[in-house]
Amino acid sequence: MVPFRERELTGVIVEELPAPPLASTRPIRELLDETPIFSDALLRLTRWVAEYYFCSWGEVLKAALPPGMVPPRSTLVRLLREPSPEERSILERRSPKRAALLSLLQQHGSPLSLRYLARQLHSESLSAQLQALEQQGYIALQTQSPTTPRPRQIRALEPSPDLRLDPAHFQTVAEELQRRSPAQARLLNVVYTYALQHGTAMPLREALHQSRVSSTTAHLLVRRGYLQETIHEESPRESENHELSLAERNELELSLSREQDYAVRRIHEALDSYAPKVFLLRGVTGSGKTLVYMHAIRKALEQGRGALVLVPEISLTPQLIDRFRAAFPERIAIMHSRMSASERFHAWRAIRMGHVSIVLGARSAVFAPLPRIGLLIVDEEHEPSYKQDDPAPRYHARDCAVMRAHMERAIAILGSATPSLESMFNAQVGKYHLLELKQRADGAQLPTIRVIDIRQGRQAQRIRGPFSHELIEAIRQRLENRQGIILFHNRRGFARWLQCPDCGYVPTCAHCSVSLTYHKVSRLLRCHYCGFAIPLLEDCPQCGNPHLSEVGTGTQRVEEEVAAALYPTVQYRIERMDTDTTTRRGAHRRLLHRFARGEIHILVGTQMVAKGLDLPHVTLVGIINADLQLFIPDFRSAERAFQLFTQVAGRAGRRSDTPGEVFLQTAYPDHPAIIAVQTGNEELFYHDELQHRKTALYPPFTRFVVVEISGADEEKVHQHAHFFAGCIPAHPAVLKLGPAIPTITLIRNRYRRVIILKNLKHLDPAAHHLQAVLRTAYSTYRHKHGITSIRVAINVDAYGML
C-alpha cells in the first residue's frame, strides 16, 4: 500500500532498486503480502503481454488477479498463536495493520467477524493482511452465514420398517408391484437401495429424478404403507447430488484408437524431455481429443506438475467439468466470469497455495497462479472469444498460453477440429508440431451434410417461414424415433428489427448507431451493444401506423416457427439456448441435463450449441440461415463461417449406432466455405484462403492492428483521428490505412474512428519495429494533442473493427 497524493493505493512490487530514484520518493505505507503473489514466470508473462499488446503492466497485473480479491464479509477470523515480542516488533515496523489486527484478536480472545475487524481498523479491505497472517500460521479463516438462517428442510422417502427389516417381504412386494405397476416398483427399488447404501432417507427430489416417476407415484406408495415420508435438513452438497453428471463414465478407462495412441505417445515424449513444445491437435468432431487431453494431464500429474485447460465458452464448462472430474476427482479448480467474486477469490487462493493440480477455465484463467505448470491445453483454439477486445489488456489467451509454455518450459496443446489459419500456417512452417485424428472414435461416421438452396426452395414453394420442407420432414422423423435435434441460428431475439411499412421508420438505439432487436418474450426492443431497451412500440412514432413489420429472424422466432410447422405433432418440447435463456446461475447445466435425458427434444440455439457438446442421442442438426455468417464485413468471415458450420455439424451422429444428418440452408450453395463444409475438403479451403490473405496482406502474414479513437464529440473524434495518424512514423514493416469511419460509428454514446496498421511479419518477426512505431505515435500524440475527452485504444492482433 502506497500513498498517492491524498489517497492510498495498492501496487505490486516487481523489482527492487538499490536506492530510490528520487530523494522525494515517499516510503511504502504497508507491505500487504508476506510472500509474492506473482511468481517470476508470471511476472515475465504479464510484462510480455503489456509490451506486445501495448498496454500498461499494471493493467495486466490487475487482470491476472481475481476481481476484488476480497473474502466474503461473513468470514470469521480466529487466532491460532500469538506473535513473540521479536515477531511483533517486525510486524509493527513492516505491517502495522497486520499487527493491529492481531492485537484486536488477542484482546477479545474469541473469533471476530471480518466486518467488525474492518470497522475497528477503518479499512475497506483486509484481504491481503488476512492472507499473509494465514500463511504465517497466526490465524485461521472460517466462513459463516452473515445471519444464521434456518436449515433448509427437505422431504425424503424411506422404506417402511417391515420392508427394511425383512428382505424376503421386500422381494415379494417388489415382484408384485413389477407386475401391476412398474413405475411404483422402480421407485421402491431406488429408495430401498439408497437406504441400504447410505443408512438414511433418500431426498424426494433425487428419488423421483432417478426413478423417472412423478410425485403421484410416491404418494401412492406412501398411502399403501410401503414407503414413509420424512422431513430432514439438507446437507450443503445435497442440492447438487440430485443432478446427474453430464459425464457418462471415467473416460480414462476407455481404450485409445491408433491415432489417439500415437498422439498421446508424442505428447508423453515431449513431457519427458522437459523442453517447451507446441502441438496442434487437429481432430475431426467426435474424434476423442478430450481423451488425448486426459492422458496428457495424467502424465503431467505423475511428474508432479500441474495442468491448465482453457475453454472458449462458459457453456462448454458444465460438461467438461463433469468429464474431467470423473477422471480426476477432487483435483480441479474452476475459473470463469459467471462465478461470484468470492468464488473466484477462493479458487485463485486454492490454486496459488497448491491445493489443486488442474485448472479449467475461460480466457482469464491463462494467468492462474498454478505452481510447476507442465501442460497448457487450449480447447477449440480457433475461437475468437479467446481474444479480449475491451477493456485493456486486449490479449489473446491462446497466444499467451503458448508464450507461458515457452517461459515455463511446458507443453502447449492447441486442439480444434477447425484450426485457425494462423495455427495451421505455424504448423506448416514448423513452429507447431501437427498431430491429426482423422477418424471419429467408437467407429462413428461423420454426418451426412445436405445443402438446401433456399432460392430454389422458394421458387418451388417448398419453404415455410425459415424452414425447408426437407428439414421439417427430417425433424418429424427424429421426433418419432425419440432422437435429439439441434437447430442452429446465430442471432438471438425474435426479429432483427421492426420497420414501418408506410414511412420506413426503424427504431434505433439512443446510445449506438444500430437498430434495436425485437425480443418477443419480454416485449422489449433491445440494443445488443449497450443493453439499452424500450417497451415494444404499439404504433409508428413518425406516421402513427399501428402495424410495424418484423424484419429478419432470431432464435425466439425460430422456436415459434418450428412449433407452428410441426403442429399438430404432439409430445415434444422445444427450448432455446442463448444468452437470454442462460443468464441465471446453473442455467447451462440444467438445459444440457434435460436435453441429454430426452426431456427436451429440440434445442434451438446460437453458437453456444455449436461446439464442445458430446450428446450421443443427437442425430439431426439444422443450420437455419448460413448466409448470416457468410457476408459479415470482416476478412475472417469465410473462415469463421467454415469453422462454425463444421463445428455445429459435428454435434450430430457421435456414436456408431446413431448416424447423423445435417441440413444447411443457404442462398449461396457455391460459396467456397459451404462447399468445404459439404465435401470436407478442408485443405483446399485453407490453401485458397491463405492465398487470398497473402495477396491482401492479412494475418497470418501480417499483424492486424486497430487503433480506435473515440469520444462524445464527433467532430473532435474525427480531428484527433487525423492527429494520431499524422503522429505515426513511416516504416517499411508497417503499413497505415485510414483514418476510416467504421461500420458502427457510435457505441455507448461515443463516436468512433479507426486507423488500421498492417505489420509485415517477414520484415519484423518479433514485432520490435511495430512496438517502436506505436510507442512513438502514442507518446507524440499525447504530448502534442492529447485531451481527456478523447480515448485512444490500441488493439494488436485485432479480430474485427465493426
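Tutor: Patches join residues with over 30% relative accessible area and no salt bridge, like charges within 9 Å and nonpolar side chains (Val, Leu, Ile, Met, Phe, Trp, Tyr) within 5 Å. Areas are Shrake-Rupley values with a 1.4 Å probe, with only the protein chains shown as cover; a salt bridge puts a Lys or Arg side-chain nitrogen within 4 Å of an Asp or Glu carboxyl oxygen. This model is predicted: local features need pLDDT of at least 70, side-chain atom pairs 80 or more, while totals for chains, interfaces and linings use all residues. Numbering starts from 1 along each chain as its sequence is written, and side-chain values use heavy atoms, without hydrogens and water.

Student: What is the area of the nonpolar surface patch with Val2?

Tutor: Valine 2 lies in strand β1, residues 2-4 (strands are DSSP E runs of at least two residues, helices H or I runs of at least four, numbered from the N terminus). Val2 joins Phe4, Leu9, Ile13 and Ile28 in a patch of about 430 Å².

Student: Why is the sulfur of cysteine 503 too far from cysteine 540 for a bond?

Tutor: A disulfide needs two cysteine sulfur atoms within 2.5 Å. A search of the whole structure finds zero disulfides. Cysteine 540 holds the closest cysteine sulfur to that of cysteine 503, and the bond is ruled out because the distance is 3.5 Å.

Student: Is cysteine 540 buried or exposed?

Tutor: Buried means under 20% relative accessible area, exposed over 50%, and partly exposed in between. Cysteine 503, at 36%, is partly exposed. Cysteine 540 has 2%, so it counts as buried.

Student: Which residue in β32 stands opposite phenylalanine 704?

Tutor: Strands pair when DSSP finds at least two bridges between them. β29 (residues 702-711) pairs antiparallel with β32 over 10 bridges. Opposite phenylalanine 704 in β32 is lysine 758.

Notes:
Buried means under 20% relative accessible area, exposed over 50%, partly exposed in between (1.4 Å probe, protein chains only).
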